[in-house]
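User: I'd like to practise reading a fold from the atoms up. Can you take me through this one, feature by feature?

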Amino acid sequence: DFDEGQILFRVVLGEGRLSLAGNELPLGWMAECVFERGGLDVHSTDELRRVLAGRDVDFSFFVRDESFDFEGSTTPGDLELQCAVLCAYLQHPGWREDGYAWVKRQIPLTFDRLRHDPEGPVNTAFLPALYSGDPRFSSFTQEELEAVELPAVRAWLGPILADGPLEVTLVGDLEPDEARAAVARTFGALPERREARPYEERRSAPAPRSGIHQVQTVDSQVPKALVMIVFPVPDGMESTLTVRFSFLTDVLNDRLRVEVRERLGAAYFPNATLDQSCLYSGVGTLTIRAITDPGAAGTLREACLAVTDALARD
């Protein structure tokens, strides 16, 4: 059963961050931020909003490890227009400086917030230690991001938009024949695309390390602490292990709810999440996170570890 009148779409393009060398990775961050804001070569984003007013046409753009994704929802009546707009972004992106300038203005503000938030040390100190300094798994510095210029983003992403391999997925309240025809008249009319590039030399990464213990302090007027516990687990390339660790994560979340939240109080709400890479062999993590008062961080950490110890032991 689908939501009446709704069609979800995902258009998967090219090879994502795999197409970047290690020193080029900040381009991916900037591309995700500026691409939509650039509009089309003949329409700014404000003009597009006026042109498309009253129509259910929009998308979000993501730069992922192995692809660039255009995702969103539309309606049966607007499906072909949605496809046409996505094709226009592939063929005629705007690359406007005003969107890029807006992103550049946000960079120092973002880093200023991180200096006063527990998430800051996670990105700048813990994740680099966890992944042996591999730049693919940690945040960039302010200087690295501010050094990225729009022409460099365009030089990298432009050719991929023009001829990168495409996969179009539609799910929802649609008539298959009508949907195929709409895709054929839009995506099917694009010039022929090239084959996918494997980039085999970039498909290895260091496995998460064990034995890391960090206590970081941030200068903040908000008295809160982040407790974060990470367990290395297998990657997500074997479906049996993926199912097992997904089930383990569900069990762990339930145990944390019962043993920690009900024992220490409703203010304690630890959450377990699973991340198993389908790209990098041996890379996977099971992470417990919880926010608490600074004075209670040690107690909360020990309560979480008591749950995982019991699971491992019993």
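User: Let's begin with a single residue: where is the place of His92?

Analyst: Keep in mind that this is a predicted model. His92 sits in the loop between H3 and H4.

User: And is His92 buried, partly exposed or exposed?

Analyst: Partly exposed, because its relative accessibility is 39% and that class runs between the 20% and 50% cut-offs. Then look past the sequence neighbours: setting aside residues up to four places away, His92 touches Leu40 and Asp41. You can also ask how the fold places two distant positions. His92 and Leu161 are 69 residues apart in sequence, and their C-alpha atoms are 9.2 Å apart in space.

User: OK, zooming out. How many helices and strands are in the chain?

Analyst: The chain has 10 helices and seven strands. Its C-alpha trace spans about 60 × 45 × 40 Å along the principal axes. Of the 314 residues, 39% count as buried.

User: What percentage of contacts between residues at least 6 apart in sequence join residues at least 24 apart?

Analyst: That comes to 82%. For the outside, take the accessible surface, which is about 17,200 Å², with 51% of it belonging to carbon and sulfur atoms. On charge, there are 31 positive and 50 negative side chains, and the centres of the two sets lie 3 Å apart.

User: Now the inside. Which residues touch the most other members of the largest nonpolar core?

Analyst: Phe70, Trp156, Leu157 and Phe187 do, in a core of 47 residues. Next, ask which elements feed it. Those giving two or more residues are strands S1 (7-13), S2 (60-63) and S3 (68-74), along with helices H1 (26-34), H3, H4, H7 (150-163) and H8 (176-186). H3 gives the most, with eight residues.

User: Which residues is Trp156 in contact with, leaving aside neighbours within four places in sequence?

Analyst: Trp156 contacts Gly16, Ser19, Leu20, Leu27, Gly28, Ala31, Val63 and Phe68. There's also a second, separate core of 19 residues, and its members include Ala225, Phe245, Leu252 and Ala272.

User: Back to H3, then. How do I read a helix like that?

Analyst: Start with the general idea: an α-helix has 3.6 residues a turn, so residues three or four places apart point the same way. Then check the span. H3 has 13 residues and reaches 18 Å from its first C-alpha to its last, close to the 18 Å expected at 1.5 Å a residue.

User: Which residues of H3 are buried, and what do they pack against?

Analyst: The buried ones are Leu79, Gln82, Cys83, Val85, Leu86, Cys87, Ala88, Tyr89 and Leu90. They pack against helices H2 (45-51), H7 and H8, and against strands S1, S3 and S4 (166-172).

User: What about backbone oddities? Which phi sign does Trp95 have?

Analyst: Trp95 has a positive phi, about 50 degrees, although it isn't a glycine. With a sign like that, look up the setting. Trp95 is in the loop between H3 (79-91) and H4 (97-114), and it counts as buried because its relative accessible area is 11%. Ser132 also has a positive phi, about 55 degrees, and isn't a glycine either. Ser132 lies in the loop between H5 (119-130) and H6 (142-146), and at 48% relative accessibility it is partly exposed.

User: Let me try more loops. Where is Arg64 found, and what is it in contact with?

Analyst: Arg64 is in the loop between S2 and S3. Beyond neighbours within four places, it contacts Gly16, Arg17, Asp69 and Glu71. Its relative accessible area is 32%, so Arg64 is partly exposed. As for distances, the C-alpha atoms of Arg64 and Pro232 are separated by 22 Å, with these positions 168 residues apart along the chain.

User: Last one: is Asp235 buried or exposed?

Analyst: Buried, because its relative accessibility is 14% and the cut-off is under 20%. Asp235 is in the loop between S5 (225-232) and H9 (239-264). Leaving out neighbours within four places, it contacts Gln276, Ser277, Tyr280, Ser281, Gly282 and Val283. Asp235 and Ser281 are 46 residues apart along the chain, and their C-alpha atoms are separated by 6.0 Å.

Note on methods. Residues are numbered from 1 along each chain as its sequence is written. This is a predicted model: local features need pLDDT of at least 70, side-chain atom pairs count only at pLDDT 80 or more; totals for chains, interfaces and linings use all residues. Side-chain values use heavy atoms; hydrogens and water are left out. Helices (H or I, at least four residues) and strands (E, at least two) are DSSP runs, numbered from the N terminus. Buried means under 20% relative accessible area, exposed over 50%, partly exposed in between (1.4 Å probe, protein chains only). Contact means heavy atoms within 4.5 Å. Accessible areas come from the Shrake-Rupley method with a 1.4 Å probe; for residues, only the protein chains shown count as cover. Lys and Arg count as positive and Asp and Glu as negative; His and the chain ends are not counted. The place of a charge is taken as NZ of Lys, CZ of Arg, CG of Asp or CD of Glu. A nonpolar core is a set of buried Ala, Val, Leu, Ile, Met, Phe, Trp, Tyr and Cys residues joined through side-chain atoms within 4.5 Å. The expected span of a helix is 1.5 Å times one less than its number of residues.
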